[in-house]
Amino acid sequence: RGIGLGLAQLYASDPAWKVIATARDPAKATQLTAVANATVETLDVNDSESVRALAEKYKDTPIDLLINNAGVLEFEASLAVPTREGFRKTMETNVYGPIEIAIAFLPSLRLAGKGAKIIGISSIIGSIGAPFPFPGMYSYRASKAALNAAYVALGADLRAEEITVAVIHPGTVKTDMAGAWGQIEVSESAAGIRHVIDTKVTISSSALYSWDGSIIPW
């Protein structure tokens, strides 16, 4: 659903791409399973065995582009203390999951050769330097800042292999997560993300990109 569904639809509409999309329960992801030219697999980013099983299934399949999009938002009002459970869930889903998945799928990315890319869907909310008008949201802000830091480190570790790692802010998208804050359509965000991946993200780049191609301060 949301941005992930939009990206699957966009890439699957291009015959040059073979899309592998994932959902915790594909039987319930009816919009995703309806996408033509896309294979839908079961994956729970909070379940290491699920991650290992899918990576093992595709270990002999070259993967040119891996997009980690799954995320959760635990909303905390200004000066509200996050619950420990909510904070842990947010960090596990938004940080640990994208790290574990990226490393688990390295055999497939290496098969694709130089130029393979790993993309983490981040957020301007994780920027320390960019102004953001909404108060609170401590768990989500911390998780996206941590994702940015982890992917910069992962990119440095993979630079010698010419596997590119980058993070992209998708915009404030009209999704269930954004609610009334949504400003742009999913299709607009997906198209922008793809354009950034194609034209901005290179092995030498290290930046938090916005969906419109601009660079957001770390």
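# A guided tour of the cores, helices and loops

Start by selecting Val19, Leu32, Ile119, Ile168, Ile193 and Ile197: of the 30 residues in the largest nonpolar core, these touch the most other members. A nonpolar core here is a set of buried Ala, Val, Leu, Ile, Met, Phe, Trp, Tyr and Cys residues joined through side-chain atoms within 4.5 Å. Buried means under 20% relative accessible area, exposed means over 50%, and partly exposed lies in between (1.4 Å probe, protein chains only).

Before you go on, remember that this is a predicted model, in which local features need pLDDT of at least 70, side-chain atom pairs count only at pLDDT 80 or more, and totals for chains, interfaces and linings use all residues. Residues are numbered from 1 along each chain as its sequence is written, and side-chain values use heavy atoms, with hydrogens and water left out.

## Stop 1: the two cores

Now colour the elements that give two or more residues to the largest core: helix H1 (2-12), strand E1 (19-23), strand E2 (38-42), strand E4 (117-121), strand E5 (164-169) and helix H7 (186-199). These labels are DSSP runs numbered from the N terminus, with helices (H or I) of at least four residues and strands (E) of at least two. Which element gives the most to this core? Select H1, which gives 6 residues.

Next, zoom in on Ile119. Leaving out residues up to four places away in sequence, Ile119 touches Leu65, Leu66, Ile67, Asn68, Tyr151, Ala166, Ile168, Ile197 and Val201. Contact means heavy atoms within 4.5 Å.

There is also a second, separate core of 29 residues, and Ala102, Ala130, Val167 and Ile216 are among them.

## Stop 2: helix H7 meets the start of the chain

Select Ala190, which lies in helix H7. Is Ala190 buried or exposed? Its relative accessible area is 1%, so Ala190 is buried. Apart from neighbours within four places in sequence, Ala190 is in contact with Gly6, Leu7 and Leu10. Try a distance too: the C-alpha atoms of Ala190 and Gly4 are separated by 8.4 Å, although these residues are 186 residues apart along the chain.

## Stop 3: helices H4 and H6

Show helix H4 (residues 84-104) together with helix H6 (residues 138-158); their axes come within 8 Å and cross at roughly 20°. Axes are lines fitted to C-alpha atoms, for helices over the stretch in contact, and the angles run from 0 to 180 degrees between N-to-C directions. H4 and H6 are therefore roughly parallel to each other. Angles under 35 degrees count as roughly parallel, over 145 as roughly antiparallel, 65 to 115 as roughly perpendicular and the rest as oblique.

H4 passes H6 in a right-handed crossing. That name applies if the near helix is turned clockwise from the far one by less than a right angle, while an anticlockwise turn is left-handed.

To see the contact itself, display side chains on both helices. On the H4 side you will find residues including Phe87, Met91, Val95 and Ile99, and on the H6 side residues including Tyr140, Lys144, Leu147 and Leu154. The contact residues divide into 14 nonpolar, 4 polar and 1 charged. In this count, Ala, Val, Leu, Ile, Met, Phe, Trp, Tyr, Cys and Pro are nonpolar, Asp, Glu, Lys and Arg are charged, and the others, Gly among them, are polar.

## Stop 4: helices H3 and H4

Keep H4 on screen and add helix H3 (residues 48-57), which packs with H4 at an angle of about 25°, the axes being 10 Å apart. That makes H3 roughly parallel to H4, and their crossing is right-handed. Pick out Ser48, Val51 and Ala55 of H3, then Tyr96, Glu100, Ile101 and Ala104 of H4, to see the contact. Here the residues divide into 5 nonpolar, 1 polar and 1 charged.

## Stop 5: loops

Move to Ser122, in the loop between E4 and H6. Ser122 counts as buried, at 2% relative accessibility. Its contacts, not counting residues up to four places away in sequence, include Lys144, Val167, His169 and Leu208.

Most residues other than glycine have a negative phi. Select Asn37, whose phi is near 65°, a positive value. Asn37 lies in the loop between helix H2 (30-33) and E2, and Asn37 is exposed, with a relative accessible area of 62%.

Finish at Glu162, in the loop between H6 and E5. Glu162 is not a glycine, yet has a positive phi of about 60°. At 34% relative accessibility, Glu162 counts as partly exposed.
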